[in-house]
Amino acid sequence: MVFSPAIEESPEIMAAMSMAVQLVDKYYESLYRQVSRPHKGQLIPESVIAFASSSNGVDFDRSGIVPIKPGVEKGSLDQLAVEDPTIVKDGQTYYVFHSAVSPKEKNEGVQVGIQVVTGDSLQRLGTKKQTVLTPKEVRNSLGKEVDMVKEPEFYYGKDQLWHMIFEHTGRGKSEIAIAESPQITGPYRNHRSLLEVRPGTWDSQHLSPGPLLFTSGGDILMFYNGRGPKNSEDNTPSWSIGYTIIDTKTGAIIDRSGTPIIRPPEEIGPGNQLISFANSITSKEGPRIHRLYYTVADTRSAVASIFTKL
């Protein structure tokens with residue numbers, strides 16, 4: 001996948017990743033996470049959500065438009081960074097959910113919650129940010145330590161409720177949970193576990209949700225991200241992409257991939273990890289051919305063609 005202007009030609013930019021892509025009238029629009037080197041006086045890299053577009057879904061033009069930036073007020077939920085956009089269009093309104101990063105009390109690490117902004121165009125989003133979910137809410141529901149809730153995915157069920165699938169992280173482990181709300185912006189209740197790590201497998205350490213598709217039978221096919229050792233002889237942490245099928249009536253897991261469908265390239269990313277991380281998917285009418293957009297090495301973006309029979 002190619003950005004223009006190229007990221008390599010922009011010395012201030014460190015990464016362009018986490019692409020949320022929408023197919024709009026044979027044209028592709030995207031919001032993505034752009035990470036820039038710290039400016040003078042900044043202690044950490046700047047992370048914003050920027051806009052790009054494409055005529056073919058592969059070559060994207062970076063517009064310079066930055067619809068979502070971190071909050072400027074001390075105490076903002078997104079005081080440090082905004083990351084990981086997820087786009088949902090309901091009627092004529094775009095809802096852009098994203099991870100919001102802020103320092104913990106006494107600056108003992110960071111915490112991550114989920115926010116949303118809305119607008120009639122991805123280029124013209126409003127400035128008002130609404131909190132959707134915080135670690136404290138999920139901590140109270142699950143009865144376990146939770147420092148981060150992020151990477152949300154959504155579907156509207158036959159029960160006339162919005163279902164949010166999200167990552168929750170605490171005590172060095174990430175897993176996937178689900179919750180419901182009558183309104184897309186929440187509040188989301190009934191937080192409960194959906195997918196847990198599996199010891200001795202490719203996804204034995206961490207899990208995070210990825211994009212969703214409905215099957216012909218009305219169930220959910222979810223591409224998800226899992227981390228485990230590279231192989232039995234190499235413990236290098238490796239994020240790969242797999243899939244699971246969720247029964248929308250009962251919430252049961254019908255199927256789950258025993259091996260990844262996409263493994264990371266030999267390109268070390270942050271934390272000495274190998275990383276392929278699913279972000280979004282687009283589909284065209286006709287054959288079940290999809291484009292899966294994913295992050296590589298926590299620095300750049302890639303796209304793969306996915307063929308489904310479900």
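The exercises below, each with a worked solution, explore a predicted model.

**Exercise 1. Find which residues line the largest cavity, and which strands supply them.**

Solution. Begin with the count: the structure holds one cavity of 30 Å³ or more, and the volume of the largest cavity is about 60 Å³. Next, list the residues around this space, which are S18, D84, P85, T86, E151, E153, P209, G210, A278 and N279. Sorting the lining by class then gives three nonpolar, four polar and three charged residues. Finally, turn to the strands: at least two lining residues come from each of strand 6 (81-90), strand 10 (148-156), strand 14 (206-214) and strand 19 (273-283), and the largest share, three residues, belongs to strand 6.

**Exercise 2. Describe the largest nonpolar core, and state which residues have the most contacts inside it.**

Solution. As background, nonpolar side chains in soluble globular proteins tend to be buried together. Here the largest nonpolar core has 18 residues, and those with the most contacts inside it are F97, I114, M164, F166 and Y188. The strands that each supply at least two residues of this core are strand 7 (93-103), strand 8 (110-119), strand 9 (130-133), strand 10, strand 11 (162-170) and strand 12 (173-181), while strand 11 gives the most, with three residues. Now take M164 as a case: when its neighbours within four places in sequence are left aside, its contacts include I114, V132, L133, F154, I178 and Y188. To complete the picture, a second, separate core of 15 residues has A278, L292, Y294 and A302 among its members.

**Exercise 3. Work out which residues the salt bridges of D203 join into one network, and whether D203 is buried or exposed.**

Solution. The structure holds twelve salt bridges, and two of them can be followed from D203 in turn. In one, the side chains of R198 and D203 meet, with N and O 3.0 Å apart; in the other, D203 pairs with R256, where the closest N and O atoms are 2.9 Å apart. Because D203 lies in the loop between strand 13 and strand 14 and R256 lies in strand 17 (residues 253-256), this pair ties together parts that are 53 residues apart in sequence. Through shared partners, the salt bridges join R198, D203 and R256 into one network. As for burial, D203 has a relative accessibility of 0% and therefore counts as buried, and R256 is buried too.

**Exercise 4. Compare the two partners of the salt bridge between R192 and E180: which is buried, and which is partly exposed?**

Solution. First, locate the pair: the closest N and O atoms of R192 and E180 are 2.7 Å apart, and the bridge links R192 in strand 13 (residues 189-195) with E180 in strand 12, twelve residues apart. Then read the accessibility against the cut-off, since buried means under 20%. E180, at 11%, counts as buried, whereas R192, with a relative accessible area of 31%, is partly exposed.

**Exercise 5. Locate the cis peptide bonds before P5 and P187, and the positive phi values of A297 and D298.**

Solution. For comparison, most residues other than glycine have a negative phi, and most peptide bonds are trans. The bond from S4 to P5 is cis, with omega near -5 degrees, and P5 lies in the loop between strand 1 (2-4) and strand 2 (13-24). The bond from G186 to P187 is also cis, with omega near 10 degrees, and P187 is placed in the loop between strand 12 and strand 13. Turning to phi, A297 has a value near 60 degrees and D298 one of about 55 degrees. A297 is found in the loop between strand 20 (289-296) and strand 21 (300-307), as is D298. A297 is buried at 2% relative accessibility, but D298, at 31%, is partly exposed.

Definitions and conventions. Residues are numbered from 1 along each chain as its sequence is written. This is a predicted model: local features need pLDDT of at least 70, side-chain atom pairs count only at pLDDT 80 or more; totals for chains, interfaces and linings use all residues. Side-chain values use heavy atoms; hydrogens and water are left out. On a 1 Å grid over the protein atoms alone, a cavity is a set of points where a 1.4 Å probe fits but cannot get out, and a pocket is an open set with protein on both sides within 12 Å along at least five of seven lines; lining residues have an atom within 4 Å of a point. Grid points are joined across faces, edges and corners, and a volume is the space filled by probe spheres set on the points. Helices (H or I, at least four residues) and strands (E, at least two) are DSSP runs, numbered from the N terminus. Ala, Val, Leu, Ile, Met, Phe, Trp, Tyr, Cys and Pro count as nonpolar, Asp, Glu, Lys and Arg as charged, and the others, Gly among them, as polar. A nonpolar core is a set of buried Ala, Val, Leu, Ile, Met, Phe, Trp, Tyr and Cys residues joined through side-chain atoms within 4.5 Å. Buried means under 20% relative accessible area, exposed over 50%, partly exposed in between (1.4 Å probe, protein chains only). Contact means heavy atoms within 4.5 Å. A salt bridge is a side-chain nitrogen of Lys or Arg within 4 Å of a carboxyl oxygen of Asp or Glu.
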